[in-house]
Amino acid sequence: MAYINKGDAPEWLKTHYQFQIRTFWIGAIYIFLGSILSLVIIGWFVLLFWAVWLIIRSLKGMKALELEKPIENPTGWLF
């Protein structure tokens with residue numbers, strides 16, 4: 001839905017769509033690496049980091065959306 005709607009959205013909302021798209025793809029990378037590395041102990045820590053990372057990014061995005069503010073750095077890898 002973010003890919004479809006980002007073209008018609010106002011400028012402040014486009015940052016949210018970009019943030020959502022990057023959250024999905026970066027999360028997919030974390031899950032893939034965590035799954036592969038789960039054969040050794042480090043993968044479980046990667047998956048735990050992914051869960052915390054996802055919660056923090058989601059809350060940050062929802063808070064900015066509620067205030068109708070753009071995401072400050074929608075292309076960032078962390079929070």
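What follows is a walk through a predicted model, starting from one of its helices and moving outward to the parts around it.

A useful place to begin is helix α2, which runs over residues 11-37. Its 27 residues should span 39 Å at 1.5 Å a residue, and because its end C-alpha atoms are indeed 39 Å apart, the expected and the modelled spans agree. Along this helix a number of residues are buried, among them Leu13, Tyr17, Phe19, Ile21, Thr23, Ile26 and Tyr30, and the list also includes the glycines Gly27 and Gly34. The cover over the buried residues of α2 includes two other helices, α1 (2-5) and α3 (42-66).

The contacts with residues of α1 can be approached through the largest nonpolar core of the model, which consists of five residues: Ala2, Ala9, Leu13, Tyr17 and Ile21. Helix α2 supplies the largest share of this core, with three residues. Tyr17, one of the core residues, also shows how the chain before α2 meets the helix: leaving aside residues up to four places away in sequence, Tyr17 touches Ala2, Asn5, Lys6 and Ala9.

Further along, the reader may turn to Thr23, which also lies in helix α2. Is Thr23 buried or exposed? Its relative accessible area is 11%, and since a residue under 20% counts as buried, Thr23 is buried. When residues up to four places away in sequence are not counted, Thr23 touches Trp53, Leu54 and Arg57. With Arg57 there is, in addition, a polar contact between the two side chains, at a distance of 2.8 Å.

The aromatic residues give another view of how α2 and α3 meet. How many aromatic pairs does a search of the whole structure find? The search finds three. In one of them, the ring centres of Tyr30 and Phe49 are 5.5 Å apart and the planes stand at 90°, so this pair is edge-to-face. Because Tyr30 belongs to helix α2 and Phe49 to helix α3, the pair ties together parts of the chain that are 19 residues apart in sequence. The rings of Tyr30 and Trp53 form another pair, with centres 5.2 Å apart and planes at 85°, and so this pair, too, is edge-to-face. Here as well the link joins distant parts of the chain, with Tyr30 in helix α2 and Trp53 in helix α3, 23 residues apart. Taken together, Tyr30, Phe49 and Trp53 form one aromatic cluster. The members of this cluster can be described by their accessibility: Trp53 is buried, with a relative accessible area of 0%, and Tyr30 is buried at 14%, whereas Phe49, at 32%, counts as partly exposed.

The last stop is the segment after α3, where both Glu68 and Asn73 are found. Glu68 has a phi angle near 55°, which is a positive value in a residue other than glycine, and with a relative accessible area of 56% Glu68 is exposed. Asn73, at 42% relative accessibility, counts as partly exposed. How far apart are Asn73 and Phe19 in sequence and in space? They are separated by 54 residues in sequence, while their C-alpha atoms are 8.2 Å apart in space. With Phe19 among the buried residues of α2, this pair of positions brings the reader back to the helix from which the walk began.

Conventions: Residues are numbered from 1 along each chain as its sequence is written. This is a predicted model: local features need pLDDT of at least 70, side-chain atom pairs count only at pLDDT 80 or more; totals for chains, interfaces and linings use all residues. Side-chain values use heavy atoms; hydrogens and water are left out. A nonpolar core is a set of buried Ala, Val, Leu, Ile, Met, Phe, Trp, Tyr and Cys residues joined through side-chain atoms within 4.5 Å. Buried means under 20% relative accessible area, exposed over 50%, partly exposed in between (1.4 Å probe, protein chains only). Helices (H or I, at least four residues) and strands (E, at least two) are DSSP runs, numbered from the N terminus. Contact means heavy atoms within 4.5 Å. The expected span of a helix is 1.5 Å times one less than its number of residues. A polar contact is a pair of N or O atoms within 3.5 Å; within protein, one must be able to donate a hydrogen and the other to accept it, and residues adjacent in sequence count only if both atoms are side-chain atoms. Rings of Phe, Tyr and Trp (its six-membered ring) pair if their centres lie within 6.5 Å; planes under 30 degrees apart count as stacked, over 60 as edge-to-face and the rest as tilted.
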